Amino acid sequence: MSELRLKVIGTHAPCAQIRALTLAAEDGDPLPGYSAGAHIRVKLPDASDRHYSLINWIAEPGATSAPATYRLGVRLEEDSKGGSRHMHSLREGDIVTVAPPKNDFALHDSPAPALLIAGGIGVTPIISMAAELKAKGRPFAFHYCGRSRGLMAFTDELEELCEEALTVHSDDEPDTCVDLKALVGGASADSHIYVCGPRGMIEAVREIAHARGFAKDHVHFELFDTPEATTGDQSFEVEISSTGQVFTVPPDKSIIEVLEAEGVDLVYDCQRGDCGICQTAVLEGVPDHRDVILTDEERAANDVMQICVSRAKSARLVLDL
Ligand code: FES
């Protein structure tokens with residue numbers, strides 16, 4: 001499906017640092033449908049793009065099959081390199097170009113209870129999940145976590161949508177602090193767990209769920225931050241096994257960025273380390289894993305890596321490309 005030209009028809013600030021945007025087709029036509037957990041990629045002025053989850057509040061069957069609008073929630077990143085700053089600068093009437101909706105974080109079609117866990121602006125896809133589960137009459141519990149209630153968007157609307165299924169956990173209200181062990185431990189064995197938020201939250205939920213015996217395909221996650229260069233990152237070399245070519249990956253670039261610039265054909269999607277599409281076999285060398293997909297055992301085996309975010313502990317990696 002080709003790109004869409006959308007007009008900004010509404011903006012508001014549900015709380016400090018977060019801007020809610022409503023977009024409609026420039027020609028007024030209905031928009032392509034989507035399911036809960038889907039995102040669109042918005043093109044930025046520098047030709048890069050950013051992933052934003054679609055928010056649906058309407059708990060009715062078919063609410064997102066040919067919607068009139070797409071709704072987004074964007075947090076202004078303090079060290080934004082352009083993405084969130086650009087999104088916060090948009091005004092009514094501005095036009096944005098987006099790729100049609102795609103869903104890498106879909107709800108499992110199961111009558112089993114859903115445990116929804118959102119951290120910060122990771123709430124956006126989870127809102128749509130709550131609306132879809134409610135529309136289908138399926139059981140769910142929604143735990144929304146943040147540092148401070150004043151910085152958590154959409155709490156009033158969520159209380160209305162979810163009623164007693166919602167629990168808000170705020171770090172600055174000690175009585176409400178989230179206990180992930182208790183949450184995951186208290187979920188029934190057949191539950192599906194959905195978590196969207198920062199890396200630490202996803203890793204903690206996955207670890208606890210694994211320890212409690214949840215099957216891997218019952219734990220669904222999407223990362224809501226973009227990888228940053230870590231202080232102390234070093235350059236390293238990557239050798240392509242099929243051609244013997246060797247490239248240097250500097251501290252501020254990913255393996256994908258370097259290889260793609262050199263014309264190597266690669267398959268990837270999220271570029272955050274949560275979809276697994278770029279996973280590549282490692283023939284020699286030791287990766288520095290920075291994804292949220294591999295288990296501790298898989299990381300220790302060092303035989304595969306996500307080349308969008310992971311780096312190297314050794315001077316050279318030989319990749320099966
Ligand atoms: S592109 Fe998604 S994990 Fe690398």
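**Getting to know this predicted model**

User: Which residues does Ala13 touch, not counting those up to four places away in sequence?
Analyst: A friendly word before we start: this is a predicted model. Ala13 has its place in strand β1, which covers residues 4-15. Leaving out residues up to four places away in sequence, Ala13 touches Ile18 and Arg19.

User: Does Ala13 count as buried or exposed, and why?
Analyst: The way to tell is to count the C-beta atoms around the residue, because 12 or fewer within 10 Å make it exposed. Ala13 has 12 C-beta neighbours inside 10 Å, so Ala13 counts as exposed.

User: How far apart in space are Ala13 and Asp303, C-alpha to C-alpha?
Analyst: In sequence, Ala13 and Asp303 are 290 residues apart. In space, the distance between them from C-alpha to C-alpha is 45 Å.

User: Which strands are at the edges of the open sheet with the order β4-β3-β6-β1-β2-β5?
Analyst: This open sheet is formed by 6 strands with antiparallel pairing, and the twist from one strand to the next averages 40°. An edge strand pairs on one side only. Here the edge strands are β4 (49-53) and β5 (69-75).

User: Which residue of β4 stands opposite His39?
Analyst: Strand β3 (residues 39-43) and β4 run antiparallel and are joined by 5 bridges. Across this pairing, the residue of β4 that stands opposite His39 is Ser53.

User: Is Gly83 buried or exposed?
Analyst: Gly83 lies in helix α1, residues 83-89, and touches Leu44 and Arg50 when residues up to four places away in sequence are not counted. A residue with 20 or more other C-beta atoms within 10 Å is buried. Because Gly83 has 20 C-beta neighbours inside 10 Å, it counts as buried.

User: How many of the residues of β7 are buried?
Analyst: One side of β7 has Ala114, Leu116 and Ala118, and the other has Leu115, Ile117 and Gly119. These residues are all buried, and both faces of β7 are covered. The strand is therefore largely enclosed by the rest of the structure, with a buried count of 6 of the 6.

User: What are the bridge partners of Ile117 in β10 and in β8?
Analyst: β7 runs parallel to β10, with 5 bridges between them. β7 also pairs in the parallel sense with strand β8 (residues 140-146), over 6 bridges. The partner of Ile117 in β10 is Val195, and in β8 it is His143.

User: Why are the buried residues of α5 on the same side of the helix?
Analyst: Helix α5 spans residues 199-211, and its buried residues are Met201, Ile202, Val205, Arg206 and Ala209. On the other side of α5, Gly200 and Ala211 are exposed. The buried residues lie on the same side of α5 because the arc they cover around the axis is only 125°.

User: What do the buried residues of α5 pack against?
Analyst: Helix α5 has 13 residues and reaches 18 Å from its first C-alpha to its last, close to the 18 Å expected. After the helix comes Gly213, with a positive phi near 90°. The elements that the buried residues of α5 pack against are β7 (114-119), α4 (180-185), β10 (192-197) and β11 (219-223).

User: Which helix gives the largest share of the largest nonpolar core?
Analyst: That core has 62 residues, and Leu116, Ile126, Ala130, Ile193 and Val195 touch the most other members. The largest share of the core is 7 residues, which come from helix α2 (residues 123-136).

User: How many residues are in the other core, the one that includes Phe236?
Analyst: This core lies apart from the largest one. Its residues include Phe236, Ile256, Cys278 and Ile307. Its number of residues is 16.

User: Which strands stand at the edges of the sheet with the order β13-β12-β18-β14-β16?
Analyst: This is an open sheet of 5 strands with mixed pairing. Within it, strand β12 (residues 236-240) runs parallel to strand β18 (residues 316-319), with 4 bridges joining them. A strand with a single partner has one side left without a neighbour in the sheet, so the edges are β13 (246-249) and β16 (304-306).

Terms used
Residues are numbered from 1 along each chain as its sequence is written. This is a predicted model: local features need pLDDT of at least 70, side-chain atom pairs count only at pLDDT 80 or more; totals for chains, interfaces and linings use all residues. Two strands pair if DSSP finds at least two bridges between them. Helices (H or I, at least four residues) and strands (E, at least two) are DSSP runs, numbered from the N terminus. Axes are lines fitted to C-alpha atoms, for helices over the stretch in contact, and angles run from 0 to 180 degrees between N-to-C directions. The expected span of a helix is 1.5 Å times one less than its number of residues. The arc is that of the directions from the helix axis to the C-beta atoms. Two residues are in contact if their C-beta atoms, placed from the backbone, lie within 7 Å. A nonpolar core is a set of buried Ala, Val, Leu, Ile, Met, Phe, Trp, Tyr and Cys residues joined through C-beta atoms within 7 Å.
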